[in-house]
Amino acid sequence: MKKLFTLIAITGIMASCNMPNNNMSNDKGAKNEARFQQFYDQVFNAHSTAVIDSFCTADFVDHSPEMGHTGKGADELKAEFKDFFAMYPDIHIKTNYMMSRGDTVIAYVTMTGTNSGPMMGKPATNKSFNIDGVDIITLKDGKATDRWGYFEDMKMMTQLGMMPDMSKMGEQNMAEEGKMEKMGKKVDEKMEKMHMEKKK
């Protein structure tokens, strides 16, 4: 979570530095943000890959692809989303914050869904997730050319029951350490008692 908010802070600072103030730049940024939001609404939330070509260039590159995908090309992006929609038929993304700088749009989002389809060769967990993330997209003439992203993948896997809760494991480890410490003290006390009895 700290990494996520650090990334948001850094991108915010970058966007505020040397930001052009003319209306042309503002209009371009607003158009790019609106275009990005349309992608979320018409592809992600509509669960449709049919319009992906209208949002991405043919040589689009996802620099943070999902496991099992190369991230290279619009067709690969379609395949990635088809997998998403099969694993999480109710997947939804909500935009919490969006800003732009030049041809780049940065969005801080919340993604929710339920794993009701097979995932990574395993049956559905039928559990839901709620995670935050950041998408960074570069656009050219209204189409995305590159994407970088960060989402709370470990939190998602934990919520889906596919990996243990590391925070609880930390608590369990502390409890076990406490038990070991008590046991050690008891052993020390017994040894001390035996030592005193031998002296007598």
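Start with the whole chain in view: 57% of the protein's contacts with a separation of 6 or more are between residues 24 or more positions apart. Keep in mind throughout that this is a predicted model.

**The whole chain**

Colour by secondary structure and you should find six helices and five strands. Walking from the N terminus, the order is α-α-α-β-α-β-β-β-β-α-α. Of the 200 residues, 34% count as buried. Switch on the surface, and you are looking at about 12600 Å² of exposed area, with carbon and sulfur atoms supplying 58% of it.

**Colour by confidence**

Now colour by pLDDT. The average for the protein is 81, and 72% of the residues score at least 70. Where does confidence drop lowest, and where is it highest? Select residues 2-16, which make up helix 1: this is the low end, with a mean of 46. Then select residues 104-114, strand 3, where the mean reaches 96. Go back towards the N terminus and pick residues 4-20, a stretch where pLDDT stays under 50. For those residues the model has 23 contacts beyond four places in sequence.

**A hairpin**

Stay with strand 3 and add strand 2, residues 92-101. The two run antiparallel to each other and pair over nine bridges. Together they form a hairpin with two residues between them. Click on Gly 102 in the turn, and you will find a positive phi of about 60 degrees. For a cross-strand pair, show Tyr 97 and look at what stands opposite in strand 3: Tyr 108.

**Two more positive phi angles**

Gly 102 is a glycine, but two other stops are not. Select His 47 first. This residue has a positive phi of about 55 degrees although it is not a glycine. His 47 sits in the loop that joins helix 2 (23-44) to helix 3 (52-55). Is His 47 buried, exposed or partly exposed? It counts as partly exposed, because its relative accessibility is 30%.

Next, jump to Asp 141, another residue other than glycine with a positive phi, near 55 degrees. Look for Asp 141 in the loop between strand 4 (128-140) and strand 5 (143-151). Asp 141 counts as exposed, because its relative accessibility is 76%.

**Aromatic rings**

Show the aromatic side chains. There are nine aromatic pairs in the model. Zoom in on Phe 39 and Phe 81, an edge-to-face pair with 5.8 Å from centre to centre and 70 degrees between the planes. This pair links distant parts of the chain, since Phe 39 is in helix 2 and Phe 81 is in helix 4 (residues 74-87), 42 residues apart. Phe 39 counts as buried at 12% relative accessibility, and Phe 81 is buried too, at 7%.

Now widen the selection. Phe 39 and Phe 81 belong to one aromatic cluster together with Phe 44, Phe 55, Phe 84, Phe 85, Tyr 88 and Phe 129.

**Salt bridges**

The last leg of the tour visits charged side chains; the structure holds six salt bridges. Begin with Asp 62 and Arg 147, whose closest N and O atoms are 3.1 Å apart. Asp 62 is in strand 1 (residues 56-62) and Arg 147 is in strand 5, so this pair links parts of the chain 85 residues apart.

Keep Arg 147 selected and add Asp 135. These two side chains also meet in a salt bridge, at 2.7 Å from N to O. Asp 135 lies in strand 4 and Arg 147 in strand 5, so the pair ties together parts that are twelve residues apart in sequence. What about burial? Asp 135 is buried, with a relative accessible area of 6%; Arg 147 is buried as well, at 12%, and so is Asp 62.

Finish in helix 4 with Asp 75 and Lys 78, which form a salt bridge at 3.6 Å, N to O. They are three residues apart in the helix, so about one helical turn separates them. The two partners differ in their surroundings: Asp 75 is exposed, with a relative accessible area of 59%, whereas Lys 78 counts as buried at 17%. Add Asp 53 to the selection, and you have a network of salt bridges linking Asp 53, Asp 75 and Lys 78.

Definitions and conventions: Residues are numbered from 1 along each chain as its sequence is written. This is a predicted model: local features need pLDDT of at least 70, side-chain atom pairs count only at pLDDT 80 or more; totals for chains, interfaces and linings use all residues. Side-chain values use heavy atoms; hydrogens and water are left out. Helices (H or I, at least four residues) and strands (E, at least two) are DSSP runs, numbered from the N terminus. Buried means under 20% relative accessible area, exposed over 50%, partly exposed in between (1.4 Å probe, protein chains only). pLDDT is the predictor's confidence in each residue, from 0 to 100. Contact means heavy atoms within 4.5 Å. Rings of Phe, Tyr and Trp (its six-membered ring) pair if their centres lie within 6.5 Å; planes under 30 degrees apart count as stacked, over 60 as edge-to-face and the rest as tilted. Two strands pair if DSSP finds at least two bridges between them. A salt bridge is a side-chain nitrogen of Lys or Arg within 4 Å of a carboxyl oxygen of Asp or Glu. Accessible areas come from the Shrake-Rupley method with a 1.4 Å probe; for residues, only the protein chains shown count as cover.
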